Amino acid sequence: MTRFSLTVLALAASLVIAPAFADDGQKITPKLVKELTDIPGKEAMMLTVELAPGYVSKAHRHDAHTFVYMLEGEVDMQVGGGPLTHLKPGDTFYESPTDVHTVATNTSKTEAAKFLVMFVKNKGAPPVLPAR
């Protein structure tokens, strides 16, 4: 991917992600957006998320198939009605398009946590939305 493509991707992702998360507790780094030409109207988006020590996310949803792969640190994650899941490096987590992500907490008070997220979503749709 060219430097220009990454710049455009970073700007686009910040415009759709930032309004839902207007706080200083996380760093979102866009990695890829790719139209899924064999699935009309769908695209994949990959990004990394770093959570500051002790960070607690606001409830939100993704309106996408959401796949999480834990890279560093430890977090607790939960969707409404689902079990609380403690993730360590190498662990995975899935959210369906209808789930509300109620818990995303960095369990460490001293170390950041980092994970890779892949969305399969409607083309051009924002990856993060407020909880309904």
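# A guided tour of the model

Start with the whole chain in cartoon view. The secondary structure comes to 1 helix and 10 strands. Keep in mind that this is a predicted model. Colour from the N terminus on, and the elements run α-β-β-β-β-β-β-β-β-β-β.

Now switch on the surface. The accessible surface of the protein is about 7,300 Å². Carbon and sulfur atoms account for 60% of that area. Of the 132 residues, 36% are buried. Next, turn to the contact map. Among contacts with a separation of 6 or more, 67% join residues 24 or more positions apart.

**Stop 1: the open sheet**

Select β6, β5, β8, β3 and β10. These 5 strands form an open sheet, in the order β6-β5-β8-β3-β10, with antiparallel pairing. Which strands are at the edges? They are β6 (85-87) and β10 (129-130), each of which pairs on one side only.

Zoom in on β3 and β8. Strand β8 covers residues 100-106 and pairs with β3 in the antiparallel sense. This pairing runs over 2 bridges. Show the side chains of H60 and H101: H60 stands opposite H101 in β8.

**Stop 2: H62**

Step along to H62. This residue is in the loop between β3 (60-61) and β4 (65-72). Is H62 buried or exposed? H62 has a relative accessible area of 7%, so it counts as buried, under the 20% cut-off.

What surrounds H62? Leaving out residues up to four places away in sequence, H62 touches E95, H101, F119, P126, P127 and V128. H101 has come up before, as the residue opposite H60. Now draw a distance from the side chain of H62 to P127. A polar atom of that side chain lies 2.9 Å from the backbone oxygen of P127.

**Stop 3: the cavity**

Compute cavities next. The structure holds 1 cavity of 30 Å³ or more. The volume of the largest cavity is about 200 Å³. Its lining is made of 21 residues. Which of them lie nearest the centre? Select Q26, V49, H60, H62 and F115. H60 and H62 are already familiar: H60 from its place opposite H101, and H62 from its contact with the backbone oxygen of P127.

Colour the lining by element. β1, β2, β4, β8 and β9 (113-122) each supply at least two lining residues.

**Stop 4: strand β9 and its partners**

Select β9 with β2 and β4. β2 pairs with β9 in the antiparallel sense over 10 bridges. β4 and β9 also pair in the antiparallel sense, over 7 bridges.

Centre on M118. On the β2–β9 pairing, M46 stands opposite M118 in β9. On the β4–β9 pairing, M118 is the bridge partner of F67.

**Stop 5: G41**

Finish at G41. Where is G41? It is found in the loop between β1 (26-35) and β2 (42-51). Show the surface again here. With 45% relative accessibility, G41 counts as partly exposed, because that value falls between the 20% and 50% cut-offs.

Now expand the selection to the neighbours. Not counting residues up to four places away in sequence, G41 touches K121, N122 and K123. Measure to N122 last. G41 and N122 are 81 residues apart along the chain, yet their C-alpha atoms are separated by 5.8 Å.

Methods. Residues numbered from 1 in each chain as written. Predicted model: local features only at pLDDT ≥ 70, side-chain atom pairs only at ≥ 80, totals over all residues. Heavy atoms only, no water. Helix = DSSP H or I, 4+ residues; strand = E, 2+ residues; numbered from the N terminus. Buried < 20%, exposed > 50% of the residue type's maximum accessible area, 1.4 Å probe, protein only. Contact = heavy atoms within 4.5 Å. Areas by Shrake-Rupley, 256 points an atom, 1.4 Å probe, with all protein chains shown as cover. Polar contact = N/O pair within 3.5 Å; in protein donor to acceptor, adjacent residues only side chain to side chain. Pairing = 2+ DSSP bridges. 1 Å grid on protein atoms, 1.4 Å probe; cavity = no way out; pocket = protein on both sides within 12 Å on 5 of 7 lines; lining within 4 Å. Points joined across faces, edges and corners; volume = space filled by probe spheres on them.
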